[in-house]
Amino acid sequence: MKIPGVTFSWKRALGISQAKQKIAKETGIPLTKNGLERKIGSMIVKALFKK
C-alpha cells in the first residue's frame, strides 16, 4: 500500500545525492547531464563571441 505524495529514494537515504551536490558545488562542474551540457554550451558560445 502506497501513501499518495510520498516517495522513497535509496540514493537520498544513503547520502549519495548530498555528496554529489557537494562535489559539484566545490568543483564548479555540474554532475547532471543537463547541467554539464549547459555549462559546455555556454563555454562554446563565450569562446565564439568573445570580444
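This short presentation describes the fold, the surface and a few residues of a predicted model of one chain.

Good morning. Let me begin with the overall architecture. The chain contains 3 helices and 0 strands, and from the N terminus its elements follow the order α-α-α.

I turn next to the overall dimensions. The C-alpha trace spans about 60 × 25 × 10 Å along its principal axes. The radius of gyration is 17 Å, whereas a compact globule of 51 residues would have a value near 10 Å. As for burial, 2% of the 51 residues count as buried. The accessible surface amounts to about 5,400 Å², and carbon and sulfur atoms account for 63% of that surface.

Let us now consider helix α2, which comprises residues 16-27. Does its length agree with what is expected of a helix, and what are the figures? At 1.5 Å a residue, the 12 residues of α2 should span 16 Å. The C-alpha atoms at the two ends of α2 are 17 Å apart, which agrees with that expectation. After α2 comes G28, which has a positive phi, near 80°.

Two residues of this helix deserve individual mention. I16 belongs to α2. Is I16 to be called buried, exposed or partly exposed? Its relative accessible area is 33%; because buried means under 20% and exposed means over 50%, I16 is classed as partly exposed. Setting aside neighbours within four places in sequence, I16 is in contact with W10 and K11.

The second residue is K20, which also lies in helix α2. K20 has a relative accessible area of 39%, and it is therefore partly exposed. K20 and I3 stand 17 residues apart along the chain, and 28 Å separates their C-alpha atoms.

I come finally to helix α3 and the nonpolar surface. Helix α3 covers residues 33-48, and L36 is located in it. With a relative accessible area of 35%, L36 is partly exposed. Which residues join L36 in a nonpolar surface patch? They are I29, I40, I44, V45, L48 and F49. Together with L36, these residues make a patch of about 690 Å².

To summarise, this is a predicted model of a chain with 3 helices and 0 strands, in which 2% of the residues count as buried and a nonpolar patch of about 690 Å² includes L36. Thank you for your attention.

Definitions and conventions
Residues numbered from 1 in each chain as written. Predicted model: local features only at pLDDT ≥ 70, side-chain atom pairs only at ≥ 80, totals over all residues. Heavy atoms only, no water. Helix = DSSP H or I, 4+ residues; strand = E, 2+ residues; numbered from the N terminus. Rg over C-alpha atoms; globule rule 2.2 N^0.38 Å. Buried < 20%, exposed > 50% of the residue type's maximum accessible area, 1.4 Å probe, protein only. Areas by Shrake-Rupley, 256 points an atom, 1.4 Å probe, with all protein chains shown as cover. Contact = heavy atoms within 4.5 Å. Patch = residues over 30% accessible without salt bridge, like charges linked within 9 Å, V, L, I, M, F, W, Y side chains within 5 Å. Salt bridge = Lys/Arg side-chain N within 4 Å of Asp/Glu carboxyl O. Expected span 1.5 Å × (residues − 1).
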